[in-house]
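Here is a short briefing on how some helices pack, what lines an enclosed space, and what surrounds one glycine. Keep the structure open as you read.

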Amino acid sequence: MSHNTFGHLFRVTTWGESHGPALGCVVDGCPPGIPLTEADIQGFLDKRRPGQGKFVTQRQEPDAVRILSGVFSDERRPEPVTTGTPISLIIDNVDQRSRDYSEIATSFRPGHADYTYFAKYGVRDYRGGGRQSARETAARVAAGAIARKIVPQVAIRGAVVQIGPHAVDPARIDWAATSDNAFWCPDPEMVAVWEEHLETIRKAGSSTGAIVAVEALGVPPGWGAPVYGKLDAELAGALMSINAAKGVEIGAGFAAAALSGEENADEMRAGNDGPVFLSNRAGGILGGISSGQPVTARVAFKPTSSILTPRRSIDEANTEIELRTKGRHDPCVGIRAVPVVEAMVACVLADAYLRHRGQTGGGQFAPGTSARLAGG
């Protein structure tokens, strides 16, 4: 009943707090024989790492990962590979400033989970939010790196497509451009607009929200299951579990409510290796099962709740107070959420692949195609 684990066959349990000595995860269900080193994981953690610009938290954490178990190498096999046993990962915390939170030890910050944690457990780690902190997502990113090794045929990429009221025109999205700026922005012309907006927000001690788009290319048809194992339901649950996420859309999402049936239905024509879809409003998932189209989703993140503007609240004694949050915080949490979103998609897809292989024997693509799943 602790609910610190997600996944079915590919299972991830995260542990640790923001201001504890370390955090990490245990990944269970990873198949044996997959090459895996700390360097394979570190590159993804570096993308999420704090302190890499004035528009993210200035907490300086190297986020250096160590593999404690689940891989093996010797003189006969110098390259470490997974053994099929639980993979334990640890990331040390080195730059905690717990004193920043001493004044809120008995106070509930508006917009945070302080009150709900206290109401449920009767005790909470107020230092940086403890377990509720977005610092926990470093462990998810590490697990996502392992998940990508299980489904190497799938390419997962994310981008920030909106910060505050400033949204990227879908027609101008260039996925390759996300690596050229600190905002994961797929439209170079929008970078200056976001910089100006965030500079104003940052100097005011306030925060703003964002929307992150993600797509997975190379997902074959057949992953997922009807009714209670829907791939889109698994994705939505995983993405909604990320700190500050307040909404998830698959494919056209909420915009589908304004479409006609003719507009919404993704028409198909015959191709050499199966159907060719003329659009992808379904987001690559039909009836809970992948269609072979790119799997697409969007996640809305609320403004960071830690702001300098005094807000009305209460304390543990139910006394009314006025509270301002000190410490180092992201003016827009959505910026560093991109690697986390990608990681959660990777974990869901790795799990879906293993479940599909377990049910169908490693099975083929849908009828009419000749390719096989990796490892099938």
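Helix α1 (residues 38–48) packs against helix α3 (residues 137–150) in this predicted model. Their axes lie 9 Å apart, at an angle of about 140 degrees. That angle makes α1 oblique to α3, because only angles over 145 degrees count as roughly antiparallel. The crossing of these two helices, α1 and α3, is right-handed.

**Where α1 meets α3**
- From α1, the contact uses D40, I41, F44, L45 and R48.
- From α3, the partners are T137, A138, V141, A142, A145, I146, R148 and K149.
- Sorted by class, the residues of the contact of α1 with α3 are eight nonpolar, one polar and four charged.

**Where α1 meets α7**
- Helix α7 covers residues 334–360.
- The axes of α1 and α7 come within 8 Å of each other and cross at roughly 155 degrees.
- How is α1 oriented relative to α7? The crossing angle makes α1 roughly antiparallel to α7.
- On the α1 side, F44, K47 and R48 take part.
- On the α7 side, R336, P339 and V340 meet them.
- This contact of α1 with α7 has three nonpolar and three charged residues, and no polar ones.
- F44 and R48 of α1 thus appear in the contact with α3 and also in the contact with α7.

**Where α5 meets α7**
- Helix α5 (residues 231–240) also packs against α7.
- The angle is about 145 degrees, and the axes are 9 Å apart.
- The crossing of α5 and α7 is right-handed.
- Helix α5 supplies L231, E234, L235, A238 and L239.
- Helix α7 supplies V341, M344, V345, V348, L349, A352 and R355.
- Which classes make up this contact of α5 with α7? There are 10 nonpolar residues, two charged ones and no polar ones.

**The cavities**
- The structure has two cavities of 30 Å³ or more.
- The largest cavity holds about 90 Å³ of space.
- Its lining consists of R48, A134, T137, I242, N243, F301, D330, V333, R336, A337 and V340.
- Helix α7 gives the largest share of that lining, with three residues.
- By class, six lining residues of the largest cavity are nonpolar, two are polar and three are charged.
- Some names return here: R48, R336 and V340 line the largest cavity and also belong to the contact of α1 with α7.
- T137 is on the lining list too, and T137 of α3 is in the contact with α1.

**Around G251**
- Where does G251 sit? G251 is in the loop between β11 (245–250) and α6 (261–264).
- G251 and R281 are 30 residues apart in sequence.
- In space, their C-alpha atoms are 5.0 Å apart.
- Leaving out residues up to four places away in sequence, G251 touches R281, A282, G283 and T296.

Definitions and conventions
Residues are numbered from 1 along each chain as its sequence is written. This is a predicted model: local features need pLDDT of at least 70, side-chain atom pairs count only at pLDDT 80 or more; totals for chains, interfaces and linings use all residues. Side-chain values use heavy atoms; hydrogens and water are left out. Axes are lines fitted to C-alpha atoms, for helices over the stretch in contact, and angles run from 0 to 180 degrees between N-to-C directions. Helices (H or I, at least four residues) and strands (E, at least two) are DSSP runs, numbered from the N terminus. Angles under 35 degrees count as roughly parallel, over 145 as roughly antiparallel, 65 to 115 as roughly perpendicular and the rest as oblique. A crossing is left-handed if the near helix is turned anticlockwise from the far one by less than a right angle, and right-handed if clockwise. Contact means heavy atoms within 4.5 Å. Ala, Val, Leu, Ile, Met, Phe, Trp, Tyr, Cys and Pro count as nonpolar, Asp, Glu, Lys and Arg as charged, and the others, Gly among them, as polar. On a 1 Å grid over the protein atoms alone, a cavity is a set of points where a 1.4 Å probe fits but cannot get out, and a pocket is an open set with protein on both sides within 12 Å along at least five of seven lines; lining residues have an atom within 4 Å of a point. Grid points are joined across faces, edges and corners, and a volume is the space filled by probe spheres set on the points.
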